[in-house]
Amino acid sequence: MSGTVMYVADQDASRAFYVDKLGFRVVRDEEIGPGDRWLEVVPPGGQTSIVLAAAADFGRQPGEGAELAFACDDIHATVRQLREAGVRITDPLEVPWGRTGTSIVAAKTTDPDGNDVVITQRVS
């Protein structure tokens, strides 16, 4: 499994957003040292995890520079499901993608630290 680290202000709030609202599952949530917590989540059906690291523990600011993009099979059903879970998300919008004449339909939300989370579905 591969992954990335995202620095957050409150690991519990981020866990609630990604797990309870977006449907991610927890891969690992444990203390790795005095006061240090490793919180790793993965999207449904995904192979890439996100470590939700406490920004203050690493001298970082939460929400700096992260934009996450995840694909789904049915953007309208996914947006409806996320709204039912209390997620504020834009309406799906079709946009051109690449040079092959394809496009994607995308909707965007933000996590508790202001990181953009984009949900996409590829269309022809």
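**Exercise 1. Work out how the side chain of Asp 113 is accommodated, given that Asp 113 is buried yet has no salt bridge.**

*Solution.* Keep in mind as you go that this is a predicted model.

Step 1. Look for the nearest side chain of opposite charge: it belongs to Arg 37, 11 Å away. A salt bridge has to fall within 4 Å, so Arg 37 does not form one with Asp 113.

Step 2. Place the residue in the fold. Asp 113 sits in the loop that runs between strand 7 (102–110) and strand 8 (116–123).

Step 3. Search for polar partners instead. A polar atom of the Asp 113 side chain lies 3.1 Å from the backbone nitrogen of Ala 9. The side chain of Ser 14 also makes a polar contact with that of Asp 113, at 3.5 Å.

Step 4. List the neighbours. Leaving aside residues up to four places away in sequence, Asp 113 touches Val 8, Ala 9, Ser 14, Pro 62 and Gly 63.

**Exercise 2. Decide whether Ser 49 is buried or exposed, and find a side-chain partner for it.**

*Solution.* Step 1. Find Ser 49 in strand 4 (residues 48–54).

Step 2. Check its accessibility. The relative accessible area of Ser 49 is 2%, so this residue is buried.

Step 3. Turn to its side chain, which is joined to that of Glu 40 by a polar contact of 2.6 Å.

**Exercise 3. Describe the largest pocket and the residues that line it.**

*Solution.* Step 1. Start with the space: the largest pocket holds about 340 Å³.

Step 2. Move to the lining. It consists of 16 residues, and those closest to the pocket centre are Leu 22, Phe 24, Pro 44, Ala 71 and Thr 78.

Step 3. Trace the lining to the fold: strand 5 (67–71) and helix 2 (75–84) each contribute at least two residues.

Note on methods:
Residues are numbered from 1 along each chain as its sequence is written. This is a predicted model: local features need pLDDT of at least 70, side-chain atom pairs count only at pLDDT 80 or more; totals for chains, interfaces and linings use all residues. Side-chain values use heavy atoms; hydrogens and water are left out. Helices (H or I, at least four residues) and strands (E, at least two) are DSSP runs, numbered from the N terminus. Buried means under 20% relative accessible area, exposed over 50%, partly exposed in between (1.4 Å probe, protein chains only). Lys and Arg count as positive and Asp and Glu as negative; His and the chain ends are not counted. A polar contact is a pair of N or O atoms within 3.5 Å; within protein, one must be able to donate a hydrogen and the other to accept it, and residues adjacent in sequence count only if both atoms are side-chain atoms. Contact means heavy atoms within 4.5 Å. On a 1 Å grid over the protein atoms alone, a cavity is a set of points where a 1.4 Å probe fits but cannot get out, and a pocket is an open set with protein on both sides within 12 Å along at least five of seven lines; lining residues have an atom within 4 Å of a point. Grid points are joined across faces, edges and corners, and a volume is the space filled by probe spheres set on the points.
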